[in-house]
Amino acid sequence: MQSTKLKRSRSINLSAMRKGFSAKPLALGIAAICLAACGKEPEQAAIYTDVDDCQNSNPEFAEQCRLAYEDAIAEAQRTGPKYNSARDCEYEFGPNQCQYVSNQSGSFFMPFMAGYMLSNLMSPRGYNYRPMFTSYSRYSPYRNRWIGADGYDFGDYRRKSVRVGKNTFKSQPTVNKTIKRGGFGSSVRAKSSWGSSSKKGGWGG
Amino acid sequence: MFRLDIAQRKNWQRKAQEFGFKFHTIHGEPYWDETAYYQFSLQQIEQDLEDPTEEIQQMCLHLVDIVANSEYWLEQFNIPQQYWSQIQESWQQRQPSLYSRLDFAYHGKGPAKLYENNADTPTSLYESGFWQWLWLEEQVNLGKLPKQADQFNSLQEKLVRRLRVIANYYQVNHMHLACCQDTDEDRGTVQYLQDCATEAGIDNAFTYIEDIGLSDCGHFSDIQNNKIQTLFKLYPWEFMQREEFGDAIEGAKVNWIEPIWKSILSNKALMPLLWKTFKGHPNLLPAYFEQDLALAKETKLVKKPLFSREGANISIIEQGKTIVQGEGPYGEEGYIYQSFYPLPQFRQNHTLIGSWLVGDQAAGISIREDTSAITQDSSRFLPHICL
């Protein structure tokens, strides 16, 4: 009787509620985090640490291994975690694991790509790829884990093979050109003279 | 309804860190307070809070239908004219809403009285839906609370389901979620909704409101130039409608969460209109528009700005004299007046109940305590049980 009248959420997946990055990145990649459980057509994907690793496993697809690696590197720059300072980045990813990146969206510190995920290597429709990162920092919950650009944890970094949903590889539509930023948020600035007495300074209610 | 002391869990601060709950203590003052909890009976929960919450939601939707189709009321609600047709369209299509929080004064008996409807950007969602749920789970496991102790809190379960419904409605499997910079609380609320979206199998990305860009084709973009198709914004419609990018809202063709018709419900003008339409309803307090103030027979009134948040600019007026003056940046858009009705007091604490709606379903409660009679953002959050 008790269970049918329960007034609270039946169960909550606690491990999914634990938080990743201990230092907050400025920006995160698109979260493409569907695992086999929720994706309609899960597929097998492999994780390689570099081009050689991929080519050794797939000698007949050496060219695809190389191209996918380059694609993943570009995607890593676009969607990987970005930090204002080397210190924040190294706190999360470990000493000497970060690089300075400067492009049209600004200048940041970003972790090096530690590997790339590949699937459908032999498909005529083309392969799917995704940059992967890992952490060497003892302060990070991502130490020795494979993680996606959005912080999704794909498991132990010795793992070579994962089953993922198709969405994992879907890239988001981008706009051609952003002509202006900052057109929202001015009311907050206008009202923030009062914000100093407000403890939390949030704009929700 | 009782307030009972209980031992705090020994390791809860560390646990909070582990789960990313960063705003449990604010400037050294406790916000999450588990030195005590509130206990309700099932009857109190179901008859006095759950049922009225769903009934009031239906009353509110009835008013949205009236206001959306009336130029007179849209003007009374101080909604800029350029958004009227967008509001009408979004309401005609019944674009799905995600959530709201109704704030009640409830003494444990008699009808709970509605203070206001936070229909657009309610916060304290994480601590309600997840953190107090975990508290109960652990206190029961520790043997500090009886096994049969329950909680009126199906928020997380319902949010996950509702986000799925919304994604299906718009035929998308990706959404952006946004809040303003420099606020741990709002960021935490949005992160929680990201977690719920993930649980629902929806890809999601975060952006700061201030970082939103406008593209040459009129779409909104995030900092990485991804097009924003679906956006949950923890940022009030009434602000967006008065800012530079307001003009671009119509052309950007975003699937908004909350939909723009909710700017009618998050407006305090709702309170006098509720009273006008459902006069004498047991869960409503008499409320008046400024121009109808002559109708008020009450000697003590609360004066609220149309757009205020977190107790800002709320004053208490007795026999025409202001006896309590709340400070804040709101008010230029006009005020409404509501009959004064005190919060119950439990050991010097004034206790306010937030009752959650996900879609049109009641989904749980959260409890805030304040030493002041007007609940400010300095108030503490306490867990509750149902026994």
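**Figure 1. Chain A at a glance.** Chain A of this predicted model has five helices and nine strands. Read from the N terminus, its elements follow the order α-β-α-α-α-β-β-β-β-β-β-β-β-α. The chain holds 205 residues, and 47% of them are buried. Among its contacts with a separation of 6 or more, 61% link residues 24 or more positions apart. The exposed area of chain A is about 10,400 Å². Carbon and sulfur atoms supply 49% of that area.

**Figure 2. An open four-stranded sheet in chain A.** The strands of this sheet stand in the order β5-β4-β1-β8. Their pairing is antiparallel. The edges belong to β5 (128-132) and β8 (161-164) of chain A, and each of these strands pairs on one side only. Neighbouring strands are turned by 30° against each other on average, direction ignored. Helix α3 (residues 62-79) of chain A packs on this sheet. The helix touches β4 (115-119) and β5 of chain A, and its direction makes about 55° with that of β5(A).

**Figure 3. The pairing of β1 with β8 in chain A.** Strand β1 of chain A spans residues 43-48. Four bridges join this strand to β8(A), in the antiparallel sense. One residue pair to look for is A:Glu43 with its bridge partner A:Val164, which sits in β8(A).

**Figure 4. An open five-stranded sheet in chain B.** Here the strand order is β13-β17-β14-β15-β16, and the pairing is antiparallel. Strands β13 (287-289) and β16 (321-325) of chain B stand at the edges. Each has a single partner strand, so one side of each is left without a neighbour in the sheet. From one strand to the next, the twist averages 30°. Within the sheet, β14 (residues 300-305) and β15 (residues 315-318) of chain B pair over four bridges in the antiparallel sense. B:Leu301 stands opposite B:Ile317 of β15(B). Helix α10 (residues 270-277) of chain B lies across β13 and β17 (335-339) of chain B. The helix runs at about 115° to β13(B).

**Figure 5. Helix α2 against helix α10 in chain B.** Helix α2 of chain B covers residues 42-68. Its axis and that of α10(B) come within 11 Å and cross at roughly 100°. That crossing makes α2(B) roughly perpendicular to α10(B), because angles of 65 to 115 degrees are classed this way. From α2(B), the contact uses B:Met59, B:Cys60, B:His62, B:Leu63 and B:Val67. From α10(B), it uses B:Leu270, B:Leu273, B:Leu274 and B:Thr277. Seven of the residues in the contact of α2(B) with α10(B) are nonpolar, two are polar and none is charged.

**Figure 6. Helix α5 against helix α6 in chain B.** Helix α5 (residues 125-141) and helix α6 (residues 155-170) of chain B have axes that come within 8 Å. The two axes cross at roughly 115°. In this arrangement α5(B) is roughly perpendicular to α6(B). Helix α5(B) brings B:Leu125, B:Ser128, B:Gly129 and B:Phe130 to the contact, and α6(B) brings B:Leu155, B:Gln156 and B:Leu159. The residues of the contact of α5(B) with α6(B) divide into four nonpolar and three polar, with no charged residue.

**Figure 7. The surroundings of B:Phe104.** This residue belongs to strand β5 (residues 99-105) of chain B. B:Phe104 has a relative accessibility of 0%, so it counts as buried. Leaving aside neighbours within four places in sequence, its contacts include B:Leu49, B:Thr53 and B:Ile56. B:Ala112, B:Lys113, B:Leu114 and B:Tyr115 are also among them. So are B:Leu352, B:Ile353 and B:Ser355. B:Asp211 is 107 residues from B:Phe104 in sequence. Their C-alpha atoms are 35 Å apart in space.

**Figure 8. Backbone details in three loops of chain B.** The peptide bond from B:Ile257 to B:Glu258 is cis, with omega near -5°. B:Glu258 is in the loop between β12 (255-257) and α10 of chain B. B:Gln319 is not a glycine, yet it has a positive phi of about 50°. Its loop lies between β15 and β16 of chain B. With 64% relative accessibility, B:Gln319 counts as exposed. B:Gln348 is not a glycine either, and its phi is positive at about 70°. B:Gln348 sits in the loop between β18 (345-346) and β19 (349-358) of chain B. Its relative accessibility is 64%, so B:Gln348 counts as exposed.

Definitions and conventions: Residues numbered from 1 in each chain as written. Chains lettered and ligands numbered in written order. Predicted model: local features only at pLDDT ≥ 70, side-chain atom pairs only at ≥ 80, totals over all residues. Heavy atoms only, no water. Helix = DSSP H or I, 4+ residues; strand = E, 2+ residues; numbered from the N terminus. Buried < 20%, exposed > 50% of the residue type's maximum accessible area, 1.4 Å probe, protein only. Contact = heavy atoms within 4.5 Å. Pairing = 2+ DSSP bridges. Axes fitted to C-alpha atoms, helices over the stretch in contact; angles between N-to-C directions. Parallel < 35°, antiparallel > 145°, perpendicular 65-115°, else oblique. Nonpolar A, V, L, I, M, F, W, Y, C, P; charged D, E, K, R; others polar. Areas by Shrake-Rupley, 256 points an atom, 1.4 Å probe, with all protein chains shown as cover.
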